[in-house]
Amino acid sequence: MEGMLEDPVFRHREVLTPDYIPNYFPNRMNQIKTISQLVYEFLQGNATHIFIHGPPGTGKTASVKFIFKNLREEALACYVNCFNKNTRMAVLHSMFLDFFKQKRPTHMMPSRRGIAYDELLGSFCEELRKAKTKIVVCLDEVDHFEENDLIYDLIRAGSDGVHVQIISISNDPLVFKNLDPRVKSSLFPIEEMAFNPYTKKEMAEIIRERVDAAFREDVVTKDAVDYLAEFTAEHKGDVRIARETLLRAGNLARKSGEKVEFHHIKEILEKTQYSSSVVVLSKLSEKERFILKLIPDQGINFPQLYDFYQTTNGHLGDRMFRNYVEKFARLKLINMERKGNGGAYFITLNTPKEVLFEMR
Ligand SMILES: Nc1ncnc2c1ncn2[C@@H]1O[C@H](COP(=O)(O)OP(=O)(O)OP(=O)(O)O)[C@@H](O)[C@H]1O
Ligand SMILES: [Mg+2]
């Protein structure tokens, strides 16, 4: 009878789901410690703001959420993803909701209908003062935040006894470059932290940890883990891909009754890479695909790409062209890396060229 009713593959399948926050982050504990320390100092009265940047899947969001889990007793912890909430009203409203959830669970949040921004901000600050609570705000994907004068307004309220610490997150290390100087200086002092892509060794440690928690013993072979670590490390060190691949592999193993072996992982990786870019690419216009195809395999600097585009009789101005390129980066079709200190970007294609050229 032993094990009959138990899942033969997973011990804790939820460990591989997107919202799961582990209790231990291999190779990120130093960063988590630094951030926690700065939050602690803020609670003691010393506010340093924080800016975290790095490529997709390097643990930026997860690290902050992990810290926030334990913060709720001591402060108001507001996590806002500016990709969905990109106006100051939306962000402010989301923080207000968090306030009621965390500090006034038995009260109803007043409706924001017909309330102007200044009024909402005023009553939010009023509530914070009354509750004598400090507030730590995480603005994730902050590059999508259109009306970031809210940052300035919140920090300025500091002179009225409102204490705010801002943690911003972005893929783009230069996101604050074009920020209104007023907003920029309000964010001073700011601690900048780079979350670099994981190396193969680091990735293997992270995967091992998840495999041990999620799967039963010996279900995933060592070769499978090694291959997954190698592949994901070579593809920008994105843990998200590793996690999703493990979940699919486990589901497959449940159906087939086999172990998770090297060739299962390989097949899944090949398929996902292909299909995920097909979906995104199919939504692009012809003009957009044309621009993408101009990017050579070895990568190219932004100004050169624009020059090259112009030689093809492209009519877009520099600004518009840049908007397209930034959109590709947002869709993760390309990677933009800062090169040197002139603010130049180095662009590499993140999607298989075959797929791009196969599409009409
Ligand atoms: N060091 C780590 N240890 C364990 N899990 C990790 C680690 N780094 C990332 N992860 C996991 O990888 C997944 C992606 O991480 P996260 O969402 O934090 O990425 P991100 O850096 O915010 O990426 P993006 O820029 O695309 O938003 C999450 O499931 C997270 O738990
Ligand atoms: Mg994130």
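Tutor: Buried area is the accessible area, taken with a 1.4 Å probe, that two parts lose on being put together, summed over both. Keep that in mind for this predicted model.

Student: How is the protein divided into domains?

Tutor: There are bounds for each part. Domain 1 spans 29–194. After that come domain 2 (198–280) and domain 3 (284–358).

Student: How much area is buried between domain 1 and domain 2?

Tutor: The centres of domain 1 and domain 2, over C-alpha atoms, are 34 Å apart. Four residues of domain 1 contact five residues of domain 2. Carbon and sulfur atoms give 43% of the buried area, and that area is about 340 Å².

Student: Which three residues supply 89% of the area that domain 1 buries against domain 2?

Tutor: No other three residues of domain 1 supply more. The three are Pro 56, Gly 57 and Thr 58.

Student: How many residue pairs are in polar contact across the interface of domain 1 and domain 2?

Tutor: Start with the side of domain 1 that touches domain 2: one nonpolar, three polar and no charged residues. A salt bridge needs Lys or Arg on one side and Asp or Glu on the other. The salt bridge count between these domains is zero. For polar contact, the number of residue pairs is two.

Student: Which residue has a polar side-chain atom 2.7 Å from an oxygen atom of ligand 1?

Tutor: Ligand 1 is surrounded by 21 residues, with Pro 26, Thr 61 and Tyr 198 among the closest. Asn 171 places a polar side-chain atom 2.8 Å from a ligand oxygen. Arg 210 has a side-chain N or O atom at 2.8 Å from a ligand oxygen. The residue at 2.7 Å is Lys 60.

Student: What share of the accessible area of ligand 1 does the protein cover?

Tutor: On its own, ligand 1 has 630 Å² of accessible area. The share covered by the protein is 94%.

How values were computed:
Residues numbered from 1 in each chain as written. Chains lettered and ligands numbered in written order. Predicted model: local features only at pLDDT ≥ 70, side-chain atom pairs only at ≥ 80, totals over all residues. Heavy atoms only, no water. Domains from an automatic or database assignment. Contact = heavy atoms within 4.5 Å. Salt bridge = Lys/Arg side-chain N within 4 Å of Asp/Glu carboxyl O. Polar contact = N/O pair within 3.5 Å; in protein donor to acceptor, adjacent residues only side chain to side chain. Nonpolar A, V, L, I, M, F, W, Y, C, P; charged D, E, K, R; others polar. Near = heavy atom within 4 Å. Areas by Shrake-Rupley, 256 points an atom, 1.4 Å probe, with all protein chains shown as cover.
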